[in-house]
Amino acid sequence: MFSLNDTTIRDSFVNASRKELSDLTLPAGFAEIDWAKLDYLGWNDPKRPRRAYVVVPVGDVAVGVLLRRADTKPASRAQCSWCQDVQLPNDVVFFSARRAGAAGRNGDTVGTLVCSEFECSRNVRKPPAMAYIGFDVEAARLDRIASLQTRAATFVDDIRATA
Ligand SMILES: [Zn+2]
């Protein structure tokens, strides 16, 4: 699909200040991403535990959003809003994102519940349970992948909408 480098990652952010971008810690291995296996790039900042980032392909552009980990702990059975995996093998976390532009500067944020280490792409690629006889497992799997891509793109589109 497209390749990312230090510059394209930093340039992709729609809701981060210059200061935030300058002290952003890049994720490992971002140059060798196989976009057939990854629907979005998400990582926690190892130097700033409250900060995380997602870079989502929207059409042929990468849209980056800076996230803040909320203090609130979600309910133990909470589901990730992005992959909606019903047998979630990992924790989910409340993240909030400042909207782009003036809205964000005025404190307007959007919240979302996402897998704590951004495991969504792995979760949706597991073959789903056979729901009934004749159930098309592969079609269901592809459907989940497409839905994850749509949800991630919708979220970042919403953040940048006011830019
Ligand atoms: Zn998820």
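What share of the 163 residues in the protein chain is buried? Buried residues make up 47% of them. The legends below refer to a predicted model.

**Figure 1. Overall fold of the protein chain, with five helices and five strands.** Read from the N terminus, the elements follow the order α-α-β-β-β-β-α-β-α-α. The radius of gyration is 16 Å, close to the 15 Å that the globule rule gives for 163 residues, so the chain is as compact as a globular protein of that length. The C-alpha trace spans about 55 × 35 × 30 Å along its principal axes. Of the contacts between residues at least 6 apart in sequence, 59% join residues at least 24 apart.

**Figure 2. Surface and charges of the protein chain.** About 8,900 Å² of the chain is exposed, and carbon and sulfur atoms supply 52% of that area. The chain carries 22 positive and 20 negative charges. The mean positions of these two sets lie 6 Å apart.

**Figure 3. The largest nonpolar core, made of 30 residues.** The residues with the most contacts inside this core are Y40, V54, L67, W82, C120 and F155. Two or more core residues come from each of the strands β2 (51-58), β3 (61-69), β4 (92-98) and β5 (109-115), and likewise from the helices α4 (120-125) and α5 (137-160). Helix α5 gives the largest share, seven residues. Another core, of 15 residues, lies apart from this one and includes F2, I9, L41 and W43. In soluble globular proteins, nonpolar side chains tend to be buried together.

**Figure 4. Surroundings of V54, one of the residues with the most contacts inside the largest nonpolar core.** Neighbours within four places in sequence are left aside here. The contacts of V54 then include the aromatic residues F13, Y40, W82 and F118. V54 also touches L41, G42, V63, G64, V65 and L67. V156 is a further contact of V54, and this residue is the subject of the next view.

**Figure 5. V156 in helix α5.** With a relative accessibility of 0%, V156 counts as buried. Which residues are in contact with V156, leaving aside its neighbours within four places in sequence? They are V54, V56, V58, V63 and V65. V156 and A97 are 59 residues apart along the chain, and their C-alpha atoms are separated by 9.3 Å.

**Figure 6. N123 and V124 in helix α4.** N123 is buried, with a relative accessible area of 2%. Not counting residues up to four places away in sequence, N123 touches C83, D85, L88, P89, N90, C115 and R144. V124 is buried as well, at 0% relative accessibility. Leaving aside neighbours within four places in sequence, V124 is in contact with D39, C83, R141, R144, I145 and L148. R144 thus appears in the contacts of N123 and in those of V124, as does C83. The C-alpha atoms of V124 and R144 are separated by 5.7 Å, although the two residues are 20 residues apart along the chain.

**Figure 7. Q84 and F118, two loop residues with positive phi.** Most residues other than glycine have a negative phi, and most peptide bonds are trans. Q84 is not a glycine, yet its phi is positive, at about 50 degrees. Q84 lies in the loop between β3 and β4. F118 is not a glycine either, and its positive phi is about 60 degrees. The place of F118 is the loop between β5 and α4. Buried or partly exposed: which applies to Q84? Q84 counts as partly exposed, at 36% relative accessibility. F118 counts as buried, because its relative accessibility is 8% and the cut-off for buried is under 20%. F118 is also one of the contacts of V54.

**Figure 8. D6 in helix α1 (residues 6-12).** D6 is partly exposed, with a relative accessible area of 33%. Setting aside neighbours within four places in sequence, D6 is in contact with L26 and F30. D6 and A31 are 25 residues apart along the chain, and 8.8 Å separates their C-alpha atoms.

Methods: Residues numbered from 1 in each chain as written. Predicted model: local features only at pLDDT ≥ 70, side-chain atom pairs only at ≥ 80, totals over all residues. Heavy atoms only, no water. Helix = DSSP H or I, 4+ residues; strand = E, 2+ residues; numbered from the N terminus. Rg over C-alpha atoms; globule rule 2.2 N^0.38 Å. Buried < 20%, exposed > 50% of the residue type's maximum accessible area, 1.4 Å probe, protein only. Contact = heavy atoms within 4.5 Å. Areas by Shrake-Rupley, 256 points an atom, 1.4 Å probe, with all protein chains shown as cover. Lys, Arg positive; Asp, Glu negative; His and termini not counted. Charge placed at Lys NZ, Arg CZ, Asp CG, Glu CD. Core = buried A, V, L, I, M, F, W, Y, C linked by side-chain atoms within 4.5 Å.
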